[in-house]
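Take a walk through this model. The route runs from the ligand to the core and then along one helix.

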Amino acid sequence: MELKILGKTGIKSSPLIYGTWYLPNMPSPNEPGKRIVDKESSIRLIKKAYDLGINFFDTADVYRGVYDRENLFNDFSTVGLAEKILGEALNGYERESFVISTKVMGRVGPLPNDQGLNRKHIFNAIDKSLERLKMKYVDFYLYHAPDNYTDPAIASKTMNKLIDDGKILHYGLSNFSNSELKRYIEVSTELGLEGPVIIQDKLNLLEQKNLSTVIRTAEENKMVSMIYSPLAQGILAGRYIKGDESNSRKEYEKNFKGNALFQQNSERIMKLYDLSVELGIPMSVLSLKWVMTRGENIFPIIGASRVEQVEEDFSVLNIKIDNETIEKIDNIFKS
Ligand SMILES: NC(=O)c1ccc[n+]([C@@H]2O[C@H](COP(=O)([O-])OP(=O)(O)OC[C@H]3O[C@@H](n4cnc5c(N)ncnc54)[C@H](OP(=O)(O)O)[C@@H]3O)[C@@H](O)[C@H]2O)c1
């Protein structure tokens with residue numbers, strides 16, 4: 001597999017990243033109606049991705065495999081579970097052979113400063129993340145979301161300190177508006193600091209608005225765009241038109257946002273399905289390829305929850321799809 005350079009960092013990465021937000025889960029044997037993370041399958045999936053050649057893994061301190069979202073914000077006992085599992089899965093592989101991103105901002109405990117981008121929290125949070133990952137450094141440390149209370153100059157200096165201390169190699173932003181992203185780039189330039197080199201935002205055929213805003217700004221600044229939900233949480237992989245909804249996000253996530261997205265776009269989704277049948281290429285592959293052709297520095301994060309899904313998504317790197325087909329796909333989703 002041909003590796004790609006991550007923007008201006010010079011670091012080589014697989015063109016696909018594997019994400020650990022919704023780790024595979026199963027019904028809890030002790031609490032009827034609840035679901036728990038299936039650690040064994042999670043580790044199997046991460047290792048499968050690694051064995052296929054994916055060398056970039058994304059996580060966050062708040063990721064814990066979503067299974068009880070209603071109580072998520074009161075129960076901190078499972079904070080960092082995804083980092084722990086990722087660390088365990090990769091333990092034993094050469095640290096030089098993989099790239100890690102994790103994130104900070106969300107609430108991870110009951111104390112007033114157990115969240116945010118303030119220096120107090122970031123210094124504490126990075127140590128906890130490294131401890132859970134059992135790693136000496138992370139390659140990319142991202143602000144998970146903006147924090148209106150911390151001055152960008154302070155947050156940027158904090159990240160530069162972590163670079164100097166060798167705890168992180170680079171930093172970036174996720175879920176920031178275009179003007180906030182520009183502000184962070186400006187601030188680092190004004191202060192002579194190392195600036196952010198990476199963003200993480202949503203992009204898929206059904207949700208394209210970031211393409212003309214943050215992703216464009218990132219491209220203009222040769223920053224990497226890590227793309228989340230490239231398959232619109234399964235909708236663009238045909239998850240819900242193949243009939244089988246068992247153990248899907250839609251089944252276990254009460255407020256699955258994809259429901260409305262699916263209903264509003266069912267005609268287009270069916271057209272993509274028909275094209276996929278006509279070409280004999282999985283919908284997931286067509287959808288991922290479209291994302292990958294949106295720019296030079298675009299890296300989709302796949303969130304596959306089964307081994308067959310990882311294999312199918314990965315096949316996007318081996319299946320040839322011509323420009324004419326990409327244009328056809330683009331036209332289906334143009335309003
Ligand atoms: N920065 C942020 O705020 C943020 C937000 C969201 C995500 N992320 C990152 O981005 C990663 C990916 O996001 P995502 O999980 O929403 O991505 P996604 O690829 O759009 O959705 C993944 C889901 O799609 C389905 N799927 C994947 N491949 C499939 C295939 N070949 N056939 C059928 N179904 C398939 C699976 O659904 P089922 O499990 O239902 O089968 C899977 O769980 C996350 O793990 C996380 O690392 C970051």
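The paragraphs below cover the ligand shell, the nonpolar core and helix 5.

This is a predicted model: local features need pLDDT of at least 70, side-chain atom pairs count only at pLDDT 80 or more, and totals for chains, interfaces and linings use all residues. Residues are numbered from 1 along each chain as its sequence is written.

Start at the ligand. 28 residues surround it, each with its C-beta atom, placed from the backbone, within 6 Å. G19, W21, Y228, G234 and G303 are the closest. Strand 12 (298-302) and helix 11 (307-314) each give two or more residues to this shell. Helices here are DSSP runs of H or I with at least four residues, strands are E runs of at least two, and both are numbered from the N terminus. Helix 11 supplies the largest share, three residues.

Next, M226. Leaving aside neighbours within four places in sequence, M226 is in contact (C-beta atoms, placed from the backbone, within 7 Å) with residues including I17, D58, F299 and I301.

Now follow helix 5, residues 178-191. Its 14 residues should span 20 Å at 1.5 Å a residue (1.5 Å times one less than the number of residues). The end C-alpha atoms are 20 Å apart, which agrees. L181, Y184, I185 and S188 are its buried residues, with 20 or more other C-beta atoms within 10 Å of their own C-beta, placed from the backbone; 12 or fewer means exposed, and in between is partly exposed. The buried four cover an arc of only 95° around the axis, so they sit on the same side of helix 5; the arc is that of the directions from the helix axis to the C-beta atoms. The face turned away carries the exposed S179, E186 and E190. Just after helix 5, G192 takes a positive phi of about 65°.

Note on methods. Two residues are in contact if their C-beta atoms, placed from the backbone, lie within 7 Å.
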